[in-house]
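Visitor: Could you take me on a close look at one part of this model? I would like to follow a single piece of the sheet and see what surrounds it.

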Amino acid sequence: IIRQKLLAHSDVERSYTYAFDGCVPFPVHDYEATIRVAPIGDGSAQAFVEWWATFDCALEWRCRWTDHFSNEGFAKWLAALKTFAEA
């Protein structure tokens, strides 16, 4: 189980920021992520979604954990969000 805590939320910016809370199964520290949803200005029902994170880890693990959060985290979570939104 990974616990997260909400650090910031903005309806105006359509974003929220969160951090891992407590013990996490990754050797990273100071993880903080933000997701932002921006409408596409063409009047369609589409949006542009940005999701990014910052964290500290041992230098030799930086590429591995960046890849992991990008491909095993954000990519899968965004695909699930898309599926949910299209339902």
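Guide: Happy to, and let's keep in mind that this is a predicted model. A good place to begin is the helix that meets the sheet: helix 1, residues 62-86, lies across strand 2 (15-21), strand 3 and strand 4. Relative to strand 4, helix 1 runs at about 150 degrees. Strand 4 is the piece I suggest we follow.

The sheet itself is open and is made of four strands in the order 1-2-3-4, with antiparallel pairing. Strand 4 (47-56) stands at one edge and strand 1 (3-10) at the other; each has a single partner strand, so one side of each is left without a neighbour in the sheet. On average, neighbouring strands here are turned by 20 degrees against each other, direction ignored.

The partner of strand 4 is strand 3, residues 29-39, and nine bridges join the two antiparallel strands. One pairing you can pick out is that of V37 with V49, where V49 is the bridge partner in strand 4.

Now zoom in on A53, which also lies in strand 4. With a relative accessibility of 24%, A53 counts as partly exposed; the cut-off for buried is under 20%, so A53 does not qualify. Setting aside neighbours within four places in sequence, A53 is in contact with Y31, E32, A33 and F74. For a sense of distance, the C-alpha atoms of A53 and P25 are separated by 16 Å, with the two residues 28 apart along the chain.

From Y31 we can step into the largest nonpolar core, which has 14 residues. The members that touch the most others are F20, F26, V28, Y31, F55, W65 and F69. Strand 4 contributes to this core too: strand 2, strand 3, strand 4 and helix 1 each supply at least two of its residues. As a general point, nonpolar side chains in soluble globular proteins tend to be buried together. To see one member's surroundings, take F26: leaving aside neighbours within four places in sequence, F26 is in contact with I2, F20, W65, H68 and F69.

Finally, let's visit the opposite edge, where S10 is found in strand 1. S10 counts as buried, at 18% relative accessibility. Its side chain reaches the backbone nitrogen of V12 at 3.4 Å, and a polar atom of that S10 side chain lies 2.9 Å from the backbone nitrogen of E13.

How values were computed: Residues are numbered from 1 along each chain as its sequence is written. This is a predicted model: local features need pLDDT of at least 70, side-chain atom pairs count only at pLDDT 80 or more; totals for chains, interfaces and linings use all residues. Side-chain values use heavy atoms; hydrogens and water are left out. Two strands pair if DSSP finds at least two bridges between them. Axes are lines fitted to C-alpha atoms, for helices over the stretch in contact, and angles run from 0 to 180 degrees between N-to-C directions. Contact means heavy atoms within 4.5 Å. Buried means under 20% relative accessible area, exposed over 50%, partly exposed in between (1.4 Å probe, protein chains only). A polar contact is a pair of N or O atoms within 3.5 Å; within protein, one must be able to donate a hydrogen and the other to accept it, and residues adjacent in sequence count only if both atoms are side-chain atoms. A nonpolar core is a set of buried Ala, Val, Leu, Ile, Met, Phe, Trp, Tyr and Cys residues joined through side-chain atoms within 4.5 Å.
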